[in-house]
Amino acid sequence: MASIWDPPFMEAYKNLLEKKEDMRNNNEVVVVEECELPVIDLSLLEASEELAREECKSQIARASEEWGFFQVVKHGISGDILKRLRWQQEKAFKEPFDVKAKEDNFSAGAYRWGSPTATCIKQLSWSEAFHIPLTDIIGSNNIPSNTLRSTMEQFASRVSRLADRIAEILAEKMGDKSSFMKENCLPDTCYLRLNRYPACPVRCGHEINGLITHTDSDFLTILYQDHEVGGLQLVKDGKWIAVKPNPEALIVNIGDLFQAYSNGLYKSVQHRVVANPTSERFSTAYFFCPSNDTVIDSCRKPSLYRKFNFREYRQQVRDDVRTLGSKIGLPRFLVTHHYHQP
Ligand SMILES: O=C(O)CCC(=O)C(=O)O
Ligand SMILES: [Fe+2]
């Protein structure tokens with residue numbers, strides 16, 4: 001049964017859910033193996049022996065090349081902040097839907113739900129989110145303590161230090177000696193996204209996505225995901241893999257900009273969230289982004305991708321989602337190919 005806080009998915013997507021041809025076309029059987037992602041102990045970055053510090057950096061680079069995804073433990077963000085974040089996030093989503101949709105709680109247009117441009121079930125995301133620019137939460141004065149806003153601020157300031165560090169290591173490991181990341185990715189160009197995936201009771205012979213298959217458009221993402229309810233899946237060697245939740249870990253994944261900046265060395269891999277039929281799920285994502293004018297041009301040559309700035313990239317993604325129903329992403333920017341629509 002949907003609650004008063006659930007978005008009206010059933011009503012809004014009635015036609016899509018009843019579209020028989022979707023089910024026939026998308027009846028592919030996909031075998032999904034459950035798997036533990038590489039786990040990296042970040043406390044080793046502070047080890048007294050240089051060898052241990054370097055080995056930790058190499059693990060980060062290797063996982064980014066081979067998986068595009070890894071987990072970090074001993075990451076320095078306290079369990080207390082994470083617990084408070086989850087609890088207060090849940091409370092914010094359990095406001096009645098009308099209130100969430102009407103009020104600009106955190107920043108204008110922050111609340112989103114479903115997939116307004118979906119034309120088939122594959123493009124439908126059974127989830128809701130608050131998508132918040134960090135400028136709107138960081139450094140604001142007089143935030144009452146023990147509110148979601150103040151917890152988000154504490155989380156964001158810590159997670160942004162973590163993202164800075166990981167980006168710096170990845171840049172160093174690909175042979176980049178510049179201070180590009182430090183200069184272009186500042187806390188006020190990054191985003192926080194609070195996700196809720198309501199239970200999805202629909203049975204239509206087709207798996208429903210909580211979040212459709214996508215790559216992230218940023219440099220890297222740090223994700224705090226639910227400990228119990230899994231659902232995150234990613235592509236590894238052409239196969240879908242289900243990520244086993246690890247309560248001690250945060251998940252880090254490479255986004256499109258790092259793939260372009262590293263000239264294909266680090267992989268921005270496709271991932272999705274599969275909706276759960278009986279349990280809701282929460283996650284919090286931190287998107288490490290540059291300013292809109294930042295030009296992405298790899299120091300590793302010859303370049304696979306033409307130069308582009310982040311504004312242009314985001315605009316292209318938005319245009320593709322509007323006109324095609326889903327994102328094309330980096331293939332659009334390859335030097336050697338003109339992207340042909342499938
Ligand atoms: O909720 C998750 O586990 C993944 C979220 C995600 O991929 C995103 O917000 O881009
Ligand atoms: Fe993502």
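**Exercise 1. Find the two sides of helix H4.**

Solution. Start with the buried residues of H4: Ile60, Ala63 and Ser64. Next, look at how they are spread. Their arc around the axis is only 105°, which puts them on the same side of H4. A general rule helps here: an α-helix has 3.6 residues a turn, so residues three or four places apart point the same way. Now turn to the opposite face. The face of H4 directed away from the buried side carries the exposed residues Glu50, Leu51, Glu55 and Ser58. Then ask what the buried side meets. The buried residues of H4 pack against strand S2 (39-41), strand S3 (69-73), H7 and strand S11 (250-254).

Keep in mind throughout that this is a predicted model.

**Exercise 2. Check the length of H4, and say what follows the helix.**

Solution. H4 covers residues 50-66, which is 17 residues. Take 1.5 Å a residue, multiplied by one less than the number of residues. The expected span is 24 Å, and the end C-alpha atoms of H4 are 24 Å apart, so the two agree. After H4 comes Gly68, with a positive phi near 75°.

**Exercise 3. Repeat the analysis for helix H5.**

Solution. Begin with the length. H5 has 15 residues, 79-93, and should span 21 Å at 1.5 Å a residue. Its end C-alpha atoms are 21 Å apart, which agrees. Now list the buried residues of H5: Leu85, Gln89 and Phe93. They cover an arc of only 55° around the axis, so they lie on the same side of H5. The face turned away from that buried side holds the exposed residues Gly79, Asp80, Lys83, Trp87 and Lys91. Last, find the cover. S5, H7, S6 and S13 are among the elements that cover the buried residues of H5.

**Exercise 4. Compare expected and actual span for helix H10.**

Solution. H10 has 15 residues, 310-324. At 1.5 Å a residue it should span 21 Å. The end C-alpha atoms of H10 are 21 Å apart, which agrees. Gly325 follows H10, and its phi is positive, near 95°.

**Exercise 5. Describe the largest nonpolar core.**

Solution. First, the general idea: in soluble globular proteins, nonpolar side chains tend to be buried together. Here the largest nonpolar core has 73 residues. Which residues have the most contacts inside this core? They are Tyr286 and Phe288. Which element gives the most to this core? The answer is H7, with 9 residues. Now follow Tyr286. Leaving out residues up to four places away in sequence, Tyr286 touches Ala156, Val159, Ala163, Cys190, Leu192, Thr221 and Ile222.

**Exercise 6. Describe the surroundings of ligand 1.**

Solution. List the shell first. Ligand 1 is surrounded by Arg193, Asn195, Leu211, Asp216, Leu223, Gln225, Leu232, His271, Val273, Ser283 and Ala285. Then sort these residues by element. Strand S6 (191-197), strand S8 (220-225), strand S12 (271-274) and strand S13 (281-288) each give two or more residues to the shell. Finally, sort by type. The shell around ligand 1 has 5 nonpolar, 4 polar and 2 charged residues.

**Exercise 7. Locate the backbone features in the loops.**

Solution. Take the cis peptide bond first. It joins Lys301 and Pro302, with omega about -5°. Pro302 sits in the loop between strand S14 (295-296) and strand S15 (308-309).

Next come two positive phi values in residues that are not glycine.

- Asn146 has phi near 60°. Its place is the loop between strand S5 (128-133) and helix H7 (148-173).
- Asp237 has phi of about 50°. Its place is the loop between strand S9 (232-236) and strand S10 (239-243).

Are these two residues buried or exposed? A residue is exposed if 12 or fewer other C-beta atoms lie within 10 Å of its own. Asn146 has 10 such neighbours, so Asn146 is exposed. Asp237 has 7, so Asp237 is exposed.

**Exercise 8. Place Pro247 and Glu228.**

Solution. Pro247 lies in the loop between S10 and S11. It has 11 other C-beta atoms within 10 Å, so Pro247 is exposed. Its C-alpha atom is 23 Å from that of Lys57, and the two residues are 190 residues apart along the chain.

Glu228 lies in the loop between S8 and S9. It has 8 C-beta neighbours inside 10 Å, so Glu228 is exposed. Glu228 and Arg165 are 63 residues apart in sequence, and their C-alpha atoms are 28 Å apart in space.

Note on methods. Residues numbered from 1 in each chain as written. Chains lettered and ligands numbered in written order. Predicted model: local features only at pLDDT ≥ 70, side-chain atom pairs only at ≥ 80, totals over all residues. Helix = DSSP H or I, 4+ residues; strand = E, 2+ residues; numbered from the N terminus. Buried ≥ 20, exposed ≤ 12 C-beta atoms within 10 Å, placed from the backbone. Near = placed C-beta within 6 Å. Nonpolar A, V, L, I, M, F, W, Y, C, P; charged D, E, K, R; others polar. Core = buried A, V, L, I, M, F, W, Y, C linked by C-beta atoms within 7 Å. Contact = placed C-beta atoms within 7 Å. Arc of directions from axis to C-beta.
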